[in-house]
Structure formats: C-alpha cells, structure tokens
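Me: Please take a close look at the sheets of this model, with attention to strand order, pairing and the helices packed against them.

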Amino acid sequence: MKALFEYLDSRTGETIRTLDELVRIPTQVPPGENYEKIMDLAAERLNDLDFEVDKLIMPRELFEKKNPRLTHLQGERVNLSAVKDIGAAKTLLINTHLDVVPASTGWSVPPFECTVKDGRIYGRGVADSKGGPAALLTVLSAMKDMDIEPKYNLNIALTTDEEMGPYSGLCYLADLGKLKADYFLSMDGDSDDITIASNGNVDWQIDVFGKSYHSGSSFLGVNAIEKSIPVMSGLMELKAQVEKRRSSVPASMAITRKTGIKTLMPVLNITIINGGVKQNIVPDRCTLKGDRRFIPEENYDDVCKEFAGALSAVRKKHPDINLKWSCDEIYAPMLTDMEHPWITEVKKVASEVAGREVSLAGAQGSLDVAYAVKVTGLPACCFGLGRRTQSNAHAEDENIYIEDLEMYTRFLAELICG
Ligand SMILES: [Zn+2]
C-alpha cells in the first residue's frame with residue numbers, strides 16, 4: 001500500500017487534469033444536455049482499464065412518466081455501468097452522479113474549468129460530484145500500472161439527473177438490476193462525515209377552493225386565499241409538533257456545530273403559495289405546496305395520516321373550508337446499520353487516511369441513493385470529497401482542497417485493494 005500511495009501522490013497532476021476534463025463538459029441541469037459527452041469520456045477511460053462498459057439511456061417516456069414536472073429538460077438521459085469481474089467473493093458497487101447544478105454569475109473564476117489557487121481547485125462540480133470519479137480513475141489506472149488486483153469485483157455506476165430527481169439515472173439502474181453487489185459506496189457526499197442515513201421526503205399539495213366574484217361585492221363570493229389562512233395555521237401547529245421529534249441517528253458534524261442539534265430531525269415546510277389573478281377579482285383557488293422530510297423512524301403512511309389528521313382538525317373548526325390535498329413520496333428514508341462490517345470498514349479506512357476520527361451521521365436532505373438502497377437492500381454509505389462549510393457545493397466558487405483530493409485518492413485505493 002505504501003508504494004501505491006507514493007505512486008498516487010506523484011500522479012496528483014493527472015487527477016487534476018482528469019477533473020478539469022470532466023468540469024469542462026457543462027453537465028448542468030437544467031437542461032442536462034451534455035450527458036452523452038461526459039459518459040463517452042468516462043466509458044473510454046474505463047474501457048482502457050478492462051471494464052465491461054454499458055451505456056444506459058433512460059427512455060424519454062419513462063423519464064417523463066417518473067418526472068412529470070421535468071418535461072423542459074433537453075438531451076438524452078445517459079448513464080454508465082462499468083463492471084470488472086475478477087472472480088472475487090464479493091462485489092463492491094461505487095456510484096456517483098456527473099450532472100451538476102447551474103453556475104450563477106457571481107463566480108470569481110470561470111466555473112466550467114478548473115482553476116488552481118492557494119491549495120484549492122475551483123470549478124462547478126469539483127466537490128459535487130466530479131472529484132470522486134477523477135480520483136477513482138487515477139486509482140484504477142495506478143492499480144493497472146502496478147499490477148495490483150482489487151479485493152472485490154467492481155461495479156461502477158456513473159449516473160445523471162441526481163440534481164433534478166426524483167427519478168434519477170441511479171434509480172433507473174436500480175430498477176434495471178444493474179446495481180448487483182454486496183457493498184455500496186456512494187461518492188456523492190462530503191468528507192466531513194460518513195452518511196449512513198437520510199431523511200425521507202414527501203411533497204404535499206393543498207388546493208383550497210372558493211368562488212370568484214367582483215371584489216366590490218366580495219361578500220357574494222368565497223375568497224380562497226382568505227380561506228387558506230386557517231389551513232396554514234393548522235399546518236404551523238403540525239410543524240411545531242413534528243419538529244419536536246428527534247431520530248436516534250446522529251446529525252452531521254456541520255449541523256451540530258452550527259445549531260447544537262445533535263440528531264436527525266423531521267421538518268415540515270410551506271414552500272409555494274399560488275392564488276388570485278387580479279386585484280379586483282375574488283380568487284376562487286389558492287394552492288399551497290411544501291414538503292415534509294421524515295426521519296428513518298417514521299414512515300410514509302404515518303406521515304400522510306398525520307397530515308390528513310391536521311387538515312380534518314382545521315375543517316372541524318371551519319366546516320365551510322373546501323379543499324383537496326395529496327401527499328407523494330419522493331424519496332424513502334435510508335438507514336444502514338451503524339454496526340454493519342462494511343460501515344466499520346469504511347469508517348476505519350476514512351479515519352486512517354484523513355488522520356482524524358471520521359464519524360457516522362445522517363443527512364437532513366434526501367438522496368437518490370436511498371431509492372437504490374430500497375431496491376437492492378445493500379449496506380450503503382456516502383463518503384465524498386469536499387468540506388460542507390468551505391466547498392460551496394451548489395454555490396459560487398465551488399472548490400476542494402488539493403490535499404483532500406489526495407486524501408480521497410488514498411481512501412479509494414485503501415478501500416478497493418488495502
Ligand atoms: Zn451530489
């Protein structure tokens with residue numbers, strides 16, 4: 001391992017060049033129109049490293065059926081499955097996504113190329129999530145040069161549309177049965193902690209109905225916006241009740257430091273409100289939308305029942321309110337047993353290469369990895385590149401430290417063949 005580590009350190013320049021090539025292909029979504037280009041690049045590299053490579057394009061009809069709100073996206077939804085079977089007893093699945101969020105105008109460097117400055121690499125996607133694959137390609141090529149076999153058969157899934165969801169390329173590969181393995185490492189995460197759990201996500205919608213009328217005689221109509229006020233108050237009461245709950249899963253280090261909140265917690269949000277067409281017309285409809293993130297100890301059915309209960313309490317007090325509601329599960333929660341040998345292994349290797357105790361934590365957000373875990377039942381965790389409070393993932397001047405890129409390269413090497 002020592003010789004491999006030294007060899008890897010001598011190839012950091014090459015990893016940065018690979019990362020630069022990946023960043024220069026603008027895979028921002030929307031519209032996500034360059035997926036084919038980036039997958040062709042990855043496919044060529046993995047082919048040269050003796051992987052059996054399969055390009056998997058999600059059919060347009062399936063994409064639109066599963067993501068009804070995303071009909072404006074352009075280009076093919078391309079994903080890659082690369083398998084190397086060396087006859088080992090166990091198979092390791094490694095995944096991340098190659099789409100990125102768009103870049104705003106506030107960057108101090110060009111977003112779609114790598115700029116190296118003060119020990120950091122800047123560029124859209126360097127942390128989320130193109131740095132991991134760049135490191136992985138260097139590790140695999142170094143192993144080939146040094147004639148080192150991996151400990152596991154390798155199944156590499158590079159996917160797209162994670163940043164849009166809900167039905168991403170990873171979900172598609174899971175349903176195709178392309179994620180066959182014994183252990184699952186997602187490189188989509190930061191290196192602050194190892195994510196072993198995530199909240200589930202329900203999108204809800206309430207339509208409150210009224211009767212439109214000339215506003216001068218508004219007492220002859222029914223104002224749907226005004227009728228929404230008690231509904232929102234009811235939701236705020238539910239929010240207070242929901243957000244008192246705590247999971248047993250530890251929260252991420254960054255959240256605990258910033259807020260003192262020590263474990264995962266559920267949340268309820270009102271995030272969209274639409275109603276009315278003109279000042280002088282009584283609105284006949286008001287639509288409220290939001291989400292409910294639920295902890296692994298909760299489940300979708302109970303979340304819906306509780307939501308229904310809150311609304312019927314509102315209607316009991318205000319029988320004249322006419323509404324219709326729905327709750328859709330977007331992602332299930334994820335929870336991998338913290339004592340699972342695979343988790344122990346990842347934690348040991350990560351702590352060793354990082355030179356600090358890397359702890360296990362849950363994510364407040366929801367992951368497409370959770371969908372894959374629900375389908376495959378694999379023990380899974382996420383450990384990636386970047387520091388939550390410094391890397392600006394999804395913001396301007398996204399960056400990673402070169403030393404973190406080197407640490408991550410050693411992490412993958414040790415995990416795959418240590
Ligand atoms: Zn990501």
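Reply: The description below takes the four-stranded sheet and then the three-stranded one.

The model is predicted: local features need pLDDT of at least 70, side-chain atom pairs count only at pLDDT 80 or more, and totals for chains, interfaces and linings use all residues. Residues are numbered from 1 along each chain as its sequence is written.

An open sheet of 4 strands is ordered β10-β11-β9-β12, with antiparallel pairing. Strands here are DSSP runs of E with at least two residues, helices are runs of H or I with at least four residues, and both are numbered from the N terminus; two strands pair if DSSP finds at least two bridges between them. The edges are formed by β10 (267–275) and β12 (322–331); each has a single partner strand, so one side of each is left without a neighbour in the sheet. From one strand to the next, the twist averages 15° (axes are lines fitted to C-alpha atoms, for helices over the stretch in contact, and angles run from 0 to 180 degrees between N-to-C directions).

Taken pair by pair, the sheet begins with β10 and β11, which are antiparallel and share 8 bridges. Within that pairing, Gly-275 has Cys-286 in β11 as its bridge partner. Strand β11 is also joined to β9 by 10 bridges, again in the antiparallel sense, and Trp-204 stands opposite Gly-290 in β11. On to the β12 edge, strand β9 (residues 200–209) runs antiparallel to β12, with 9 bridges between them. There, the bridge partner of Ile-206 is Trp-325 in β12. Helix α9 (residues 300–317) packs on this sheet and touches β9, β11 (285–294) and β12, its direction making about 160° with that of β12. Contact between two residues requires their C-beta atoms, placed from the backbone, to lie within 7 Å.

The other open sheet has 3 strands in the order β4-β5-β16, with antiparallel pairing. Its edge strands are β4 (115–117) and β16 (399–401), each of which pairs on one side only. The twist averages 25° from one strand to the next. Strand β4 is joined to β5 (residues 120–122) by 3 bridges, and the two run antiparallel; the bridge partner of Lys-117 is Arg-120 in β5.

Two helices pack on this second sheet. Helix α5 (residues 126–145) touches β5 and β16, and its direction makes about 50° with that of β16. Helix α12 (residues 402–417) also touches β5 and β16, its direction making about 70° with that of β16.
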